[in-house]
Amino acid sequence: MTSTLKISHLTKRFQAVEALTGVSLAVEPGMRVALLGHNGAGKSTLMKIVLGLIPFDGGTVEVCGAAPGSPRARAQVAYLPENAAFHPALTGEEQIRQYLSLRGENPRQAMDLLARVGLADAARRRIGTYSKGMRQRVGLAQTLIGRPKLLVLDEPTSGLDPVSRRDFYALLDGLAAEGAAILLSSHVLTEVEARTDRILILSRGRLVAEGTLADLRHRAALPVALHVTPANGYAADLAAVLPGARPGAGGQLHLDCPQSEKLALLARIAGQGARVADLDLVPPSLEDIYSHFSRRDGQ
Amino acid sequence: MIAPILATAASEFRIALRNRWVAIATLLMLLFSLVLAAAGAAPTGDIGADRLSVTAASLTSLAVYLVPLLALLMSFDAIAGEAERGTLPLLLTYPVSRLQILLGKLLAHLAVLTLAVALGYGAAALAALLVDPDAAAGLPALWRLVWSSALLGATFLGAGYALSSLSRRPSGAAGLAIGLWLGLVVLYDLGLLALIVSDGGGGFTTEVLPIALLANPADAFRLFNLAAAEATAAAGGIGGAAGSVPLWQSAASLLLWPVAALALAWAAFRKVTP
C-alpha cells in the first residue's frame, strides 16, 4: 500500500538552530500516528512542513503523492492548528459554511458537521462568545470537511474535557476506519496510548523512538517496581530473602527489577507463602517510557 | 476559481457589517457629502454651471481625502489581523490560492466602499436636484465620480493589503497606512506646490508636473474628474493643472493603479510565511 505521508531525511534550520534533523517517517492510510515531544521538540515545525506552510532545507516530503502545499496536496489534507482561532464576529455556522465553500463542498452540510462535534446548539452564536473547548470543536468540525486523506492535528485535545476527549477519539477511529491517515501531536503520552497505532517520539528535532506502545515498552526495558507488604511480624524475614529491598512506609518493602527477572522474583515472593500479606506490581508508567526516550538524547 | 473568491467575499462582507464598517463608512460619506452640498448652496450662477456639477466638483475634493482613508482603514488589518488572530495558517492550508483570498477581500471591501460612496454622493445629488431643476445636467459628472471613486478605493485597498502583508502586525500596518495616506494625499501635493512656486513656470511645471500628478493615484483621480467635468474653474489649487493633462492619460492612470496595487499586494502576501 502506498503511504499517504512519506518523509525521508527531513532537515529544517531556523538560522543556526536545527529544528529538525534527518527525520524519516511514513503514515499509511487508516493509520493513527501520534507525534510526541516536549515543547520545542519540532512537532509543530514538522506539521507546518507537511502542510506546506513553511519551506524545508533538506530531504523529501511527499503528501498524497504530491509536494506539500501544492494544490493537489492541500485538497486532500485537513489541518487543526494548536489553539484553533476564528474570526470572533462570525457564528460557528457561518465559519463552517465558508470553509465548506472553500473546499468546493455544499455549505448546507455546516449544521451536520457542527452536530457531529456537539456544537449544534451554539452554531448560531458568534465564535467570540465560545469557550476554548468550543473553538477547538469548530476547528475539529472543519477537519471533517470533504473526506480528507490525511489529517494533521496539532495538540487536538488541548482544552477539551475528558468526555469531549473520548468523543474526539471516537471520531478519529471512524475516520481512520474509512481510510484516512491521521498524524496528531501531543505532549501527553497517557492520552494517546489506547487510540493510536503508532507512536513517534521527537526530541530536539530528532526522531528518537518509533513503534507501537508495546514496542516502546519492550525497547525501553525499564524496571518493574514491586511493593511487598509483609504479614504481621515477618518484615525482617522477608527483608532477608529479598536482598536489595528498601523499607518504606507501613513496613512495606520496595523492589525494582528488570523485566527479564520479573517472573523469577514473583515466584520467590510467592514462595514465602503466608509471610506475604500483599503484593503490588507496578509496570513502568507511560510517562516513564516517554521520559526515557525523550531524555536519552543528550539530556 | 470564482467560488472561493465569492465565499471569502461573503464572509468578509459579513465581518465588515458586524464590525460596523459599513455603517461608519456610509455615515461618514453621507455626513461630509451633505455638508458640502449645503456649503455649495451659495450662489453659483456666475460660473455658469448647474448646481450638481458644482457639487460634483466639491465632492471630488472630498473624495480625494476620504476615499483613500476609508480604504486604508478597512484594509490594513486584512492580512496582519489574520496573522495575529492565528487564523492565517489554517486558511493557507485550504485549497485556495493567495490571489483568490486577496480578491475575495477586495471584492467585499470594495462593495462596502462603493455602497458608502454611492449613498453619500446620492444624498448630495438629491439635495442639489431639489433646489436646482437644471441640476440633472450634472448627473454624468456624478456617475463618473462614483466609478472613479471605486477605482481610487480599489487602489488604496490594494496598497493597504500590501502594507498589511509587509508589516505582519496590525499596529505596524496601521502606522504604515496612515503614513501612506499622509504621503500620497497630503504631503505629495504640498511638495509639488512648493516646487511649482520655486520653479516659477519653468521646465518643472510644464514637463515634470503632469507626470508627477499622473504617478499619484489620488492626483490622477482629481485630474480626471475635474478635467472631465469642465468645472475646473469651480475648484482651485492643483485642479488648475487639469487642463494640461489629456483626459485619456488620467483615465489610464486611474485604471492601471488598482491593478498595480493588487499586484503589489499579491507579491507581498506571497512572501508571508505563517
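Start with residues 247-269 of chain B: this span is 100% helix and 0% strand, and its end C-alpha atoms sit 34 Å apart. Keep in mind that we're looking at a predicted model. Helix is the theme for the chain as a whole, with 11 helices and 0 strands in chain B.

**Annotated spans**
- The UniProt record (an unreviewed entry) puts the label "transmembrane region" on residues 21-42, 62-81, 102-129, 141-163, 175-197 and 247-269 of chain B.
- Take residues 62-81 of chain B as another of these: the span is 80% helix and 0% strand, with 29 Å between its end C-alpha atoms.

**Fold and dimensions**
- Walk along the sequence of chain B and you get α-α-α-α-α-α-α-α-α-α-α.
- Chain B has a radius of gyration of 20 Å, which agrees with a compact globule, because 274 residues packed that way would come out near 19 Å.
- Along the principal axes, the C-alpha atoms of chain B take up a box of roughly 65 × 45 × 30 Å.

**Packing and surface**
- Some 51% of the 274 residues in chain B count as buried.
- Look at contacts in chain B between residues at least 6 apart in sequence, and 81% of them link residues at least 24 apart.
- About 11300 Å² of chain B is exposed, and 72% of that comes from carbon and sulfur atoms.

**Charges**
- Chain B carries 13 positive and 13 negative charges, and the mean positions of the two sets are 19 Å apart.

Notes. Residues are numbered from 1 along each chain as its sequence is written. Chains are lettered from A and ligands numbered from 1 in the order in which they are written. This is a predicted model: local features need pLDDT of at least 70, side-chain atom pairs count only at pLDDT 80 or more; totals for chains, interfaces and linings use all residues. Side-chain values use heavy atoms; hydrogens and water are left out. Helices (H or I, at least four residues) and strands (E, at least two) are DSSP runs, numbered from the N terminus. The radius of gyration is taken over C-alpha atoms; the globule rule is 2.2 Å times the number of residues to the power 0.38. Buried means under 20% relative accessible area, exposed over 50%, partly exposed in between (1.4 Å probe, protein chains only). Contact means heavy atoms within 4.5 Å. Accessible areas come from the Shrake-Rupley method with a 1.4 Å probe; for residues, only the protein chains shown count as cover. Lys and Arg count as positive and Asp and Glu as negative; His and the chain ends are not counted. The place of a charge is taken as NZ of Lys, CZ of Arg, CG of Asp or CD of Glu. UniProt positions are given in the numbering used here, feature names are shortened, and annotations may be inferred rather than shown by experiment.
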